[in-house]
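Let's take a walk through this protein together, one piece at a time. Keep the 3D view open and turn it around as you read.

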Number of protein chains: 2
Amino acid sequence: MLTRVKSAVAGFMGGIMSGGNSGGVGNTGSELPLKFPYMRPEFLGLSLDEIECSADHIARPILILKETRRLPWATGYAEVINAGKSALNEDQACCEVVVARRRPMSYCPPSTPSKTPTAKRRNSLPNGEGLGLRVDHSKLGEDSEGLVFHYWALFDGHAGSGAAIVASRLLQHHIACQLQAVIEILRNVASLPPTVLGEEPDNNPYFQGNTPGPHRALTRAASLRGASGAPGSPSNTPPPPRFFTEKKIQHESLVIGAIENAFKEMDAQIEKEKQIYNITGGCTALTVVYLLGKLYVANAGDSRAIIIRNNDIIPMSTEFTPESERQRLQFLGFMQPHLLGNEFTHLEFPRRVQRKEVGKRMLYRDFTMNGWAYKTVNDEDLKFPLIYGEGKKARVLATIGVTRGLGDHDLKVHDSNIYIKPFLSCCPEVKVYNLQQYEHGADDVLVMGTDGLWDVLSNQEVAEAVTTFLANCDPDDLHRYTMAAQDLVMRARGVLRDRGWRITNERLGSGDDISAFIIPLMYGNRQP
Amino acid sequence: MLTRVKSAVAGFMGGIMSGGNSGGVGNTGSELPLKFPYMRPEFLGLSLDEIECSADHIARPILILKETRRLPWATGYAEVINAGKSALNEDQACCEVVVARRRPMSYCPPSTPSKTPTAKRRNSLPNGEGLGLRVDHSKLGEDSEGLVFHYWALFDGHAGSGAAIVASRLLQHHIACQLQAVIEILRNVASLPPTVLGEEPDNNPYFQGNTPGPHRALTRAASLRGASGAPGSPSNTPPPPRFFTEKKIQHESLVIGAIENAFKEMDAQIEKEKQIYNITGGCTALTVVYLLGKLYVANAGDSRAIIIRNNDIIPMSTEFTPESERQRLQFLGFMQPHLLGNEFTHLEFPRRVQRKEVGKRMLYRDFTMNGWAYKTVNDEDLKFPLIYGEGKKARVLATIGVTRGLGDHDLKVHDSNIYIKPFLSCCPEVKVYNLQQYEHGADDVLVMGTDGLWDVLSNQEVAEAVTTFLANCDPDDLHRYTMAAQDLVMRARGVLRDRGWRITNERLGSGDDISAFIIPLMYGNRQP
């Protein structure tokens with residue numbers, strides 16, 4: 001299927017392989033070498049020739065795993081390129097079993113909590129190599145020194161494929177690196193994580209009634225005893241020590257924190273390495289980590305993961321878009337108006353305001369509002385709205401349609417000096433699913449897909465398609481999840497007719513890149 | 001029941017009636033006259049003597065409606081004072097039928113969208129009198145000039161009762177005032193609200209393909225057509241006019257916007273009038289507006305509303321506390337560190353950091369995180385955490401346990417010049433319930449309660465108590481909701497035993513002020 005239309009893509013691959021910028025974001029860094037060459041997911045095992053042929057926007061071949069290859073848990077995967085919106089497939093994927101080994105802590109770059117608005121991040125991983133060692137999963141369990149986790153990830157690039165490729169190669173190492181700092185703690189399930197590392201609980205004055213620090217601290221803590229919201233409790237009486245309780249942090253929270261900080265470090269590495277490499281564009285990131293019996297689904301962007309269990313649908317992510325993050329973005333624009341460059345207004349209007357409407361009353365929405373009201377239009381309102389458009393057409397600063405992800409450090413509003421990055425967040429939302437709390441059958445799966453899939457198929461349609469497909473397969477056929485993924489991507493792409501790609505009921509198929517994992521859940525408690 | 005323990009409260013009422021400050025927030029404004037005297041809800045019709053006796057912290061009499069009085073929809077109400085945490089009952093309540101009359105728009109203070117961080121609000125209502133006219137509800141429907149809405153509200157004051165009293169007297173007028181601006185639009189259900197007032201759709205170039213404004217606007221809009229997130233579409237080709245679509249705003253959104261802006265105006269009025277009146281403290285606000293077949297439940301604070309329908313529980317509000325709003329507050333502290341006065345850190349720690357722990361690794365959480373990670377403690381981390389404590393003991397700036405509401409403009413961190421108000425929001429979250437979509441029986445109700453109720457009773461316990469109580473009443477007895485409210489408040493207060501107030505299963509009863517409305521829903525489609 002890959003060779004059918006080779007001729008159709010002749011001519012542009014030279015540009016591709018040398019890092020041609022397909023997104024039109026400008027030519028920043030294009031004279032620098034690539035960090036990694038353009039590629040398709042490593043686990044597909046494609047030759048350069050095959051990679052070239054996969055980029056056929058007319059045939060749009062669906063790529064799946066070769067029969068000789070197998071992913072952990074017999075995971076199914078399929079992908080297809082877009083119908084022409086960009087020369088390359090800007091989706092990327094990764095699936096690995098990773099070992100985070102015990103190491104001296106200093107080896108890992110410290111996560112960097114924000115200290116001041118101008119704080120710069122410190123050192124990042126140079127390359128990620130060797131930090132998390134990929135292992136042959138047949139040898140799992142032999143490693144008593146480290147912590148093994150399974151990892152699946154989808155990245156949806158924009159304005160170039162550089163960031164997506166870098167993230168697909170390195171994010172798992174950042175996760176491994178963050179987990180390294182807490183390996184001992186995670187393995188010791190008998191006791192909760194200590195608040196301070198290397199301190200005996202008995203040495204902690206907070207549990208003994210000693211005077212904990214300066215007088216001011218006592219005054220502050222005293223108000224904790226006061227009536228709800230009433231400050232000014234008497235400051236001359238130290239409170240009884242039992243009020244100095246500690247928050248008890250669960251092991252699960254450490255894993256969530258590790259993944260959150262790994263995304264941050266990945267983004268910082270991209271920013272840093274853009275100085276020496278050509279890393280184009282940005283990307284969304286959706287990752288699944290399986291560790292110690294639980295699935296951690298982390299999402300920064302508009303990809304989506306759902307669990308299908310016994311025909312029920314359990315959403316495992318929410319999308320981050322200009323519409324879903326409107327209030328956060330407007331709040332930021334309101335707080336730091338210089339980020340709007342005197343060209344945008346943080347207020348939202350139903351459409352662009354015209355000069356002749358100054359003085360009239362128009363519908364608007366401020367960052368505190370979910371409803372709408374009328375305001376008298378003034379000159380300030382003639383600026384372009386920070387959030388504009390609806391649904392898939394909604395944009396931040398008239399530029400970008402997704403509000404979380406990695407990269408995009410150079411992205412500016414067209415023909416201006418206004419940076420988009422301050423409005424984007426690299427921080428994922430992490431949802432946890434305890435695999436051990438449920439019995440899972442062979443048809444219970446987690447489906448991950450880029451927005452190309454979900455734009456045209458609802459959760460319900462995806463669940464029905466997957467469930468129906470799997471029900472018609474031999475439950476012992478390890479290739480069934482790959483076939484189901486292929487079927488799913490086919491349903492979202494559709495078939496080429498006179499007037500474009502069409503799916504069921506003559507609806508339009510997705511012209512976007514589409515990538516999907518189908519992960520069977522029954523392997524969570526038994527290593528295949 | 002009110003006269004039983006008159007002697008127990010002798011002595012302090014003089015101070016009360018002249019506006020004594022019970023919250024210890026300082027003496028700001030105490031030499032000024034009161035805006036309104038201390039009172040209990042007007043609809044209770046209490047004499048001054050009865051008001052005095054209601055403040056008995058030992059007997060804690062439960063106040064209900066007199067038999068001769070009746071609220072709209074036969075609403076039930078009950079309240080009880082706290083067990084001594086403040087001299088007065090700092091809860092307040094209001095229930096009215098209000099008419100928003102058609103008036104020239106200029107009569108209403110304009111809502112003031114935030115322009116810059118330093119923008120000051122413009123003129124506010126002087127007193128609210130006459131803006132929304134209270135009506136005898138037996139005359140409902142006679143008013144063809146205005147828009148009638150039903151209104152229920154609970155306010156839970158802190159650090160004094162002033163703000164709660166002012167809000168309980170005036171907030172409904174601000175809502176009426178905001179609704180006045182859209183009366184014509186709301187009455188015309190046949191067409192959607194116009195984007196601009198006073199403009200014919202035919203004159204709108206956005207629907208005609210005319211050139212809409214300057215070249216720059218075209219360039220910006222052009223990127224809307226681009227691939228997801230890909231900026232830089234060609235700027236020399238004007239896009240076809242069909243991309244200049246408008247957002248369609250529903251009528252419901254206008255009501256939500258009106259309520260949101262009414263809260264903002266109420267807060268601005270309190271701020272302004274503190275210059276000339278003694279208005280102590282702050283308050284939460286939970287309001288229910290019934291308008292044109294729908295219930296709008298607006299909440300700013302930690303009160304709660306639930307609907308009990310056919311034994312199902314439908315939450316109609318969420319609480320705003322230091323824990324639920326942690327990330328918003330930390331983000332603000334991070335963005336505007338001067339608000340922390342060099343004494344607080346926006347980072348969260350499980351407990352106060354000690355000086356001797358500098359250099360060690362401690363658990364922390366930044367504004368982007370839901371999980372926890374370890375960081376090396378530095379001097380900066382010795383500052384007090386912006387958010388500190390757990391559950392009901394959680395505080396912002398070591399001072400306040402609720403993060404939305406009205407008032408508190410003067411509130412400062414004890415013994416400092418750090419203001420709390422920038423971290424508080426006066427904006428409610430508004431949830432909508434379409435009464436006309438369901439059939440409601442006599443036992444289907446909306447329950448509103450201040451946190452004194454919900455601190456000791458779960459949603460489930462409240463639903464069971466109310467449902468069981470109502471099932472044992474005559475369905476035609478209009479007094480049944482009052483009795484049910486009394487029963488509910490009794491269950492939350494408990495009875496006085498040797499060791500304090502006790503409820504079912506020997507649990508501790510609430511020592512807080514407790515107020516509750518029980519609103520039957522079947523009257524939504526028929527005026528009683």
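Strand β18 (residues 445-449) of chain B pairs with β21(B) in the antiparallel sense, over five bridges. To see one of these matches for yourself, find L446(B), which stands opposite I519(B) in β21(B). Bear in mind that what you're looking at is a predicted model.

Now look at β21(B) from another angle: strand β2 (residues 76-80) of chain B also runs antiparallel to β21(B), and five bridges join the two. Here V80(B) has I514(B) as its bridge partner, and Y77(B) stands opposite F517(B).

So how covered is strand β21 (residues 514-520) of chain B, and how many of its residues are buried? Mostly covered is the verdict, with seven of its seven residues buried. Here's a handy rule: in a regular strand, side chains alternate between the two faces of the sheet. You can spot two sets in β21(B): I514(B), A516(B), I518(B) and P520(B) point one way, while S515(B), F517(B) and I519(B) point the other way, and all are buried.

Zoom out a little, and these strands turn out to belong to an open sheet of six strands in chain B, with antiparallel pairing and the order β1-β2-β21-β18-β8-β9. At its edges you'll find β1 (63-64) and β9 (312-315) of chain B, each pairing on one side only.

What lies across this sheet? Helix α9 (residues 459-471) of chain B lies across β8 (304-309), β9, β18 and β21 of chain B, and runs at about 50 degrees to β8(B). Helix α10 (residues 480-493) of chain B lies across β1, β2, β18 and β21 of chain B, at about 30 degrees to β2(B).

Let's hop over to chain A, which has 10 helices and 21 strands. Of its 528 residues, 60% count as buried. If you take the contacts in chain A with a separation of 6 or more, 73% of them involve residues 24 or more positions apart.

Chain A has an open sheet of six strands too, in the order β1-β2-β21-β18-β8-β9 with antiparallel pairing. Its edge strands, β1 (63-64) and β9 (312-315) of chain A, each have a single partner strand, so one side of each is left without a neighbour in the sheet. Inside this sheet, five bridges join β2 (residues 76-80) of chain A to β21 (residues 514-520) of chain A. One of the pairs to look for is E79(A) with its bridge partner S515(A).

Next come two helices of chain A that meet each other. The axes of α9 (residues 459-471) and α10 (residues 480-493) of chain A come within 10 Å and cross at roughly 140 degrees. That angle makes α9(A) oblique to α10(A), and the crossing is right-handed. On the α9(A) side, the contact is made by V462(A), A465(A), V466(A), F469(A) and L470(A). The α10(A) side brings R480(A), Y481(A), M483(A), A484(A), D487(A), L488(A) and R491(A). Sorted by class, the contact has nine nonpolar, no polar and three charged residues.

Our last stop is helix α7 (residues 326-335) of chain B. Eight of its 10 residues are buried, so α7(B) is largely enclosed by the rest of the structure. Among the buried ones are L329(B), F331(B) and F334(B). And what do the buried residues of α7(B) pack against? They pack against α7 (326-335) of chain A, together with β14 (387-388) and β15 (395-396) of chain B.

How values were computed. Residues are numbered from 1 along each chain as its sequence is written. Chains are lettered from A and ligands numbered from 1 in the order in which they are written. This is a predicted model: local features need pLDDT of at least 70, side-chain atom pairs count only at pLDDT 80 or more; totals for chains, interfaces and linings use all residues. Side-chain values use heavy atoms; hydrogens and water are left out. Axes are lines fitted to C-alpha atoms, for helices over the stretch in contact, and angles run from 0 to 180 degrees between N-to-C directions. Helices (H or I, at least four residues) and strands (E, at least two) are DSSP runs, numbered from the N terminus. Angles under 35 degrees count as roughly parallel, over 145 as roughly antiparallel, 65 to 115 as roughly perpendicular and the rest as oblique. A crossing is left-handed if the near helix is turned anticlockwise from the far one by less than a right angle, and right-handed if clockwise. Contact means heavy atoms within 4.5 Å. Ala, Val, Leu, Ile, Met, Phe, Trp, Tyr, Cys and Pro count as nonpolar, Asp, Glu, Lys and Arg as charged, and the others, Gly among them, as polar. Two strands pair if DSSP finds at least two bridges between them. Buried means under 20% relative accessible area, exposed over 50%, partly exposed in between (1.4 Å probe, protein chains only).
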